[in-house]
Structure formats: structure tokens, C-alpha cells
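Colleague: I would like to take a close look at a single part of this protein with you, slowly enough for a first-year student to follow.

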Amino acid sequence: MMRDEEPLQSGENDQIAARLREELARRRISRQALADMARISLSTLEKALSGSRPFSLATVVRIEDVLATALRPGSAAPSPPPDALLAPAHMGSYSRPAVRWIEGAYLTLRPAFSQPGAIYAYCTEIFWDSAGAHLRFTESERADRTFTQAGYVSMPNLSGHTYLVTSEEGQYRLIMLGRGTRERRMFGLLSTLQAGPGSQLLPVASPIALVPLEQIEDPHFGVLLAGNDFYAPYRQILDHAVASDFCRWHA
């Protein structure tokens with residue numbers, strides 16, 4: 001009998017890797033997001049997919065559990081618990097089928113706090129966490145990778161808004177988005193902390209826009225200054241948040 005941590009045979013590993021790559025492409029989940037959901041290192045996943053180090057049985061089982069999909073030839077798909085398609089009450093009790101539209105990768109735009117007038121562009125990925133039975137999000141392509149965020153998604157019916165919440169040891173960062181447009185674009189407000197003088201952290205808020213990544217040809221990430229080829233179209237998208245009343249400023 002194979003132990004959980006023993007590597008799989010080469011042929012079986014190749015089949016699992018191919019099946020997993022298909023699932024990632026079909027669901028539009030990044031490898032980093034999958035590694036986070038399955039609680040394995042990105043390095044372990046990358047090496048197994050490339051064939052440089054085989055999957056262990058334990059790793060495959062974790063991945064099958066979070067995807068609710070059988071990857072091993074001849075194995076049955078894991079049976080989700082009865083409430084696995086319903087998010088917890090404090091996140092809005094939304095069902096998986098009702099929120100599939102929001103899953104995917106988004107170009108994320110907000111003002112660059114350190115440079116007035118500049119735009120900061122990065123990627124946000126929203127995906128279903130099968131183990132937790134709710135939506136989660138992760139960020140990538142950030143110029144300041146130290147401050148990359150991840151957390152859960154709340155979608156209560158009462159307000160009709162979507163909340164991307166980071167909670168770390170009592171410290172919160174919140175994105176509040178209005179209803180998605182017909183193009184699945186979302187606009188709203190970011191509330192977070194900005195690094196100030198020395199070790200000081202300052203509360204800051206700004207408009208924010210999320211656009212499905214497949215709608216952007218050759219997306220560009222990082223800090224964009226006026227005059228950059230991407231600045232004008234990105235500025236037009238970001239300004240839509242306030243111009244179309246998705247969020248308001250009050251002094």
C-alpha cells in the first residue's frame with residue numbers, strides 16, 4: 001500500500017498533471033490560487049506539474065478535495081458536504097451557482113498612493129474555496145509584493161454589494177464594490193492603510209475598478225504615469241467609479 005507522502009509513479013503523475021492543467025485552464029484559476037486553497041507550496045505544485053518532482057498522494061488528495069474533482073485515473077470525485085455550496089451567514093449565505101459569474105481574474109486599477117496622478121494596476125483573482133464553501137480572492141502582479149493581499153468575499157443580498165475582506169490578526173482592509181455591469185466590470189471603494197513616515201500607517205481610501213482580464217488586450221501592470229500608452233484608457237476606466245456614482249466623496 002502506498003503511503004500518503006510517497007511519490008506517484010511517473011505515468012500516473014503525467015496523467016494527473018495533464019488533468020490538473022485542464023482544470024486550471026477551464027476554471028481560470030492560477031497556480032498560486034490553487035496552492036493557497038490546497039495549503040501546499042507553489043514550488044511543490046510547479047515542480048509536480050513540470051514533472052521535475054512527482055505528486056505525492058497526500059498532495060493529490062488535497063487538490064481533489066478543494067476542486068471537488070477526481071484527478072487520479074479510476075478514482076471517484078470527492079463528495080462535498082451538504083452545505084458545501086452555501087457560504088457562511090456572515091458572508092451573505094450566497095450559493096455557488098449564484099456567484100459563478102464573479103469568478104475569474106481581474107485587472108485591478110486604483111490611484112497610486114505614492115505618486116499623485118499615477119495609476120496602480122495589478123491582478124485580483126476571485127475563486128471558489130471548496131474546503132471553506134465560499135469565495136476567496138488573491139492578488140498578484142503587484143509592484144509592492146510585500147503588501148499583496150488575500151482574503152474572503154462577502155456578498156450579502158441586503159446591500160447588493162460585494163466586499164473583498166482581508167483580516168489579519170484583527171487588522172482589516174476592505175474593498176466595497178457595487179453591482180457588476182453587463183460586462184462584469186465592478187467599481188467601488190478601497191479602504192486600507194498606507195505606509196507613512198517611519199513606521200507610521202495612515203488610513204486611506206480611494207476609488208477602485210475591477211475589469212475581467214480577458215477584456216483587456218495585452219494588460220499592463222505596475223505604476224502608470226501620464227504619458228504611458230496604457231495610462232489614458234486605464235484612467236478612463238478608473239474615473240468611471242466616481243463619474244457613474246459607484247462611490248462618493250464627502251468632506
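Colleague: How many residues of domain 1 are in contact with residues of domain 2, and how many of domain 2 are in contact with domain 1?

Modeller: Please keep in mind that this is a predicted model. The domain assignment of the protein gives two parts, with domain 1 covering 10-67 and domain 2 covering 85-244, and the C-alpha centres of these two domains lie 26 Å apart. Where they meet, 9 residues of domain 1 are in contact with 10 residues of domain 2. Between them the two domains bury about 800 Å², and 47% of that area is on carbon and sulfur atoms. On the side of domain 1 that touches domain 2, the elements that give two or more residues are helix 2 (31-38) and helix 4 (57-67). Sorted by class, this side of domain 1 has 5 nonpolar residues, 1 polar residue and 3 charged residues. Even with charged residues there, the rule finds 0 salt bridges across the interface of domain 1 and domain 2, and for residue pairs in polar contact, both at pLDDT 80 or more, the number found across the interface is likewise 0.

To place this interface in the whole, the protein has 6 helices and 9 strands. Its radius of gyration is 20 Å, close to the 18 Å that the globule rule gives for 251 residues, so the protein is as compact as a globular protein of that length. Along its principal axes, the C-alpha trace spans about 70 × 40 × 40 Å.

Technical notes. Residues numbered from 1 in each chain as written. Predicted model: local features only at pLDDT ≥ 70, side-chain atom pairs only at ≥ 80, totals over all residues. Heavy atoms only, no water. Domains from an automatic or database assignment. Contact = heavy atoms within 4.5 Å. Buried area = accessible area lost by both parts, 1.4 Å probe. Salt bridge = Lys/Arg side-chain N within 4 Å of Asp/Glu carboxyl O. Polar contact = N/O pair within 3.5 Å; in protein donor to acceptor, adjacent residues only side chain to side chain. Helix = DSSP H or I, 4+ residues; strand = E, 2+ residues; numbered from the N terminus. Nonpolar A, V, L, I, M, F, W, Y, C, P; charged D, E, K, R; others polar. Rg over C-alpha atoms; globule rule 2.2 N^0.38 Å.
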